[in-house]
Amino acid sequence: MTIKQYLRQAYRLDEKIRTDQAELDQLRELSATVKGLIIGDRIQSSPRNAVEDAVIKVVSLEEKIANEIKNLVEVKENIRLMIESLDNETEKLICAKRYLLFMSWEDIAVDLNYSCRHVTRLHGRSLLKLERKRKTPEA
């Protein structure tokens with residue numbers, strides 16, 4: 001795994017959580033629809049099973065999301081420690097904004113009052129430093 005892939009782990013986890021949260025919202029909406037149908041109409045099949053299934057799926061997905069959030073917090077903390085090991089404060093800011101706040105290069109450049117090209121140049125330099133640190137751990 002390259003240093004860039006390592007740093008992007010948090011972004012991928014965040015995207016996964018957002019996707020699961022959207023699925024959970026849909027599932028909750030559907031379960032409310034199922035409840036409405038059961039109350040409004042008498043169905044020959046066991047309506048209780050449909051509601052129970054929906055609730056079980058909701059609870060299961062909520063547990064999955066909670067575990068993903070816990071994992072995201074741990075990954076972000078590891079990334080934060082790695083970023084903090086950089087000597088240059090500007091490089092720390094760029095990496096934190098990119099890999100912890102998931103900001104675009106353009107937004108980082110505006111925030112720091114730099115050109116986008118300069119931000120990506122500083123970012124590249126910080127990646128090289130982080131890769132060297134990762135390969136040669138301190139004694």
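Which helices are included in what covers the buried residues of helix 5? The model on display is predicted, and the tour begins at this helix.

Select residues 105–112, which make up helix 5. Within this selection, colour Trp-105, Ile-108, Ala-109 and Leu-112, the buried residues of the helix. Turn the view to look down the axis of helix 5: these buried residues fall within an arc of 100°, so they line one face of the helix. An α-helix has 3.6 residues a turn, so residues three or four places apart point the same way. Next, add Glu-106 and Val-110, which are exposed on the other side of helix 5.

To answer the opening question, display residues 89–99 and 116–135: helix 4 and helix 6, respectively, are among the elements that cover the buried residues of helix 5.

Return to Trp-105 and show the side chain of Arg-98. Arg-98 lies over the face of Trp-105, at 4.1 Å from the ring centre.

Move now to the end of helix 5 and select Asn-113. This residue, just after the helix, takes a positive phi of about 60°.

The last stop concerns aromatic rings. A search of the whole structure finds 1 aromatic pair. Select Tyr-11 and Phe-102, whose rings are arranged edge-to-face, with 5.6 Å centre to centre and 65° between the planes. Tyr-11 belongs to helix 2 (residues 9–40) and Phe-102 to the loop between helix 4 and helix 5, so the pair ties together parts that are 91 residues apart in sequence. With a surface shown, Tyr-11 can be examined as a partly exposed residue, its relative accessible area being 27%.

Key: Residues are numbered from 1 along each chain as its sequence is written. This is a predicted model: local features need pLDDT of at least 70, side-chain atom pairs count only at pLDDT 80 or more; totals for chains, interfaces and linings use all residues. Side-chain values use heavy atoms; hydrogens and water are left out. Buried means under 20% relative accessible area, exposed over 50%, partly exposed in between (1.4 Å probe, protein chains only). Helices (H or I, at least four residues) and strands (E, at least two) are DSSP runs, numbered from the N terminus. The arc is that of the directions from the helix axis to the C-beta atoms. Contact means heavy atoms within 4.5 Å. Rings of Phe, Tyr and Trp (its six-membered ring) pair if their centres lie within 6.5 Å; planes under 30 degrees apart count as stacked, over 60 as edge-to-face and the rest as tilted. A charge sits over a ring if NZ of Lys or CZ of Arg is within 6 Å of the ring centre and within 35 degrees of the ring normal.
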